[in-house]
Amino acid sequence: MAAPLLTVKNLVKYYPIYQGILFRRQVGAVKAVDGLNFEIKQGETFGLVGESGCGKSTTGRLILRLLSPTSGEIFFEGKNILTLKPTEMRELRKQMQIIFQDPYASLNPRMTIADIIAEPLIIHKIGDRKSREKRVKELLEVVGLSSYHARRYPHEFSGGQRQRICIAKALALKPKLIVCDEPVSALDVSIQAQVINLMQSLQKQFGLTYLFISHNLSVVKHISNRVAVMYLGKIVEIAGKRELYARPLHPYTEALLSAVPVADPTYKKKRIMLEGDVPSPINTPPGCCFHTRCKYTTQICMEKEPALLEIGKDHFVACHRRSVQIERVS
């Protein structure tokens, strides 16, 4: 079995909270990411879903080392990227790129599209001016734009076109892994479908691997091979998309999937309504992080944190209720 392209082990990111002006002291921490473990295989799309504020985007930035983790390990092709020197990390960045949520905010309004796409090539000193111009034209055509668009500025394009430009920039260095941070959430629904289809086509063409971060479960189901569900900085369930959507095992996953609309007016879907609000990441509840909103809560849920265990083939869940069921069967 081939080794995974990316492996994340016990990844933690806390933001310290300080009090005082003259004598500052730490009085707490925001637990944005709290002990993540997962793998991404070469050539797959790994979906990461959850409510706003659960730590999805922070996870993507940690993987690219745009943020420094509090603790943990991140292995890319077997190398722990957290131990790399700046020069080594600079070289590795060619293999790892990101597509941000807002295509307009991620493009410099004072630069032409040609300069924006060629910027990574210039920074990494790849090719001469003529070869870079050729590469820019090739990338524009690959993402469905024309070479004459190269001399225009970002404000002259629609939202969907700007996201295509961001995709072209991410492809400039021929990366292996692309972190897609809500890449279609700022676009119209019809344009979302076009961009998603483009990303799937490019994945087949260039052998890309995606970490696809989104809160849109319908989009994640369409594009992903495997899906991880996050809640309050933790992963509560991981499974193949068909298995997850057909047989969710964690109560939080069940509630999320019950909210996905079905394109059939005659089909009546039972909605699971969660009571209460998401707890503060500053003061997370003891035991299972979901027990304050779960209808199956027992005493052990309030006292002991559940481990992420393999319940079925490649189906992992962090839930005491499911662990007890497995013990009874065995």
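Axes here are lines fitted to C-alpha atoms, for helices over the stretch in contact, and the angles between them run from 0 to 180 degrees between N-to-C directions. Keep that in mind as you click around; what you have open is a predicted model.

**Stop 1: α5 and α6**

Select α5 (159-171) together with helix α6, residues 189-206. Their axes come within 10 Å and cross at roughly 20°. Angles under 35 degrees count as roughly parallel, so α5 and α6 are roughly parallel to each other. The crossing of α5 past α6 is right-handed. Now show side chains: on α5, pick Gly160, Gln163, Arg164, Ile167 and Leu171. Facing them from α6 are Ile191, Gln194, Val195, Leu198, Met199, Leu202 and Phe206. Colour this contact by class and you get eight nonpolar residues, three polar and one charged.

**Stop 2: α5 and α3**

Keep α5 on screen and add α3, 113-123. This pair packs at an angle of about 30°, with the axes 7 Å apart. That makes α3 and α5 roughly parallel to each other too, because the cut-off for the term is 35 degrees. Here again the crossing is right-handed, with α3 passing α5. From α3, select Ile113, Ile116, Ile117, Glu119 and Pro120; from α5, select Ile165, Ala168 and Lys169. Six residues of the contact of α3 with α5 are nonpolar, two are charged and none is polar.

**Stop 3: α3 and α4**

Hide α5 and bring up helix α4, residues 129-142. The axes of α3 and α4 come within 9 Å and cross at roughly 115°. The handedness of this crossing is right-handed. On the α3 side, highlight Ile113, Ala114, Ile117, Ala118, Leu121 and Ile122. On the α4 side, go for Arg132, Arg135, Val136, Leu139 and Leu140. By class, the contact of α3 with α4 has nine nonpolar and two charged residues, with no polar ones.

**Stop 4: the largest pocket**

Which elements each supply at least two residues of the lining of the largest pocket? Turn on β6 (96-99), α3 and α5, and you have them. β6 gives the largest share of that lining, four residues. The pocket has a volume of about 450 Å³. To find its centre, select Gln97, Ile98, Phe100, Pro120 and Lys169, which lie nearest to it among the 17 lining residues. You've met two of these before: Pro120 and Lys169 also take part in the contact between α3 and α5. Coloured by class, the pocket lining shows 11 nonpolar, three polar and three charged residues.

**Stop 5: the largest cavity**

Rolling a probe the size of a water molecule over the atoms shows where empty space is left. The count comes to one cavity of 30 Å³ or more, and about 90 Å³ of space lies in the largest cavity. For the lining, start with His250, Pro251, Cys288, Phe290, His291 and Cys294. Then add Tyr296, Thr297, Cys301, Cys319, His320 and Arg321 to finish the selection. By class, the cavity lining has seven nonpolar, four polar and one charged residues.

Definitions and conventions: Residues numbered from 1 in each chain as written. Predicted model: local features only at pLDDT ≥ 70, side-chain atom pairs only at ≥ 80, totals over all residues. Heavy atoms only, no water. 1 Å grid on protein atoms, 1.4 Å probe; cavity = no way out; pocket = protein on both sides within 12 Å on 5 of 7 lines; lining within 4 Å. Points joined across faces, edges and corners; volume = space filled by probe spheres on them. Nonpolar A, V, L, I, M, F, W, Y, C, P; charged D, E, K, R; others polar. Parallel < 35°, antiparallel > 145°, perpendicular 65-115°, else oblique. Left-handed = near helix turned anticlockwise from the far one by under 90°. Contact = heavy atoms within 4.5 Å.
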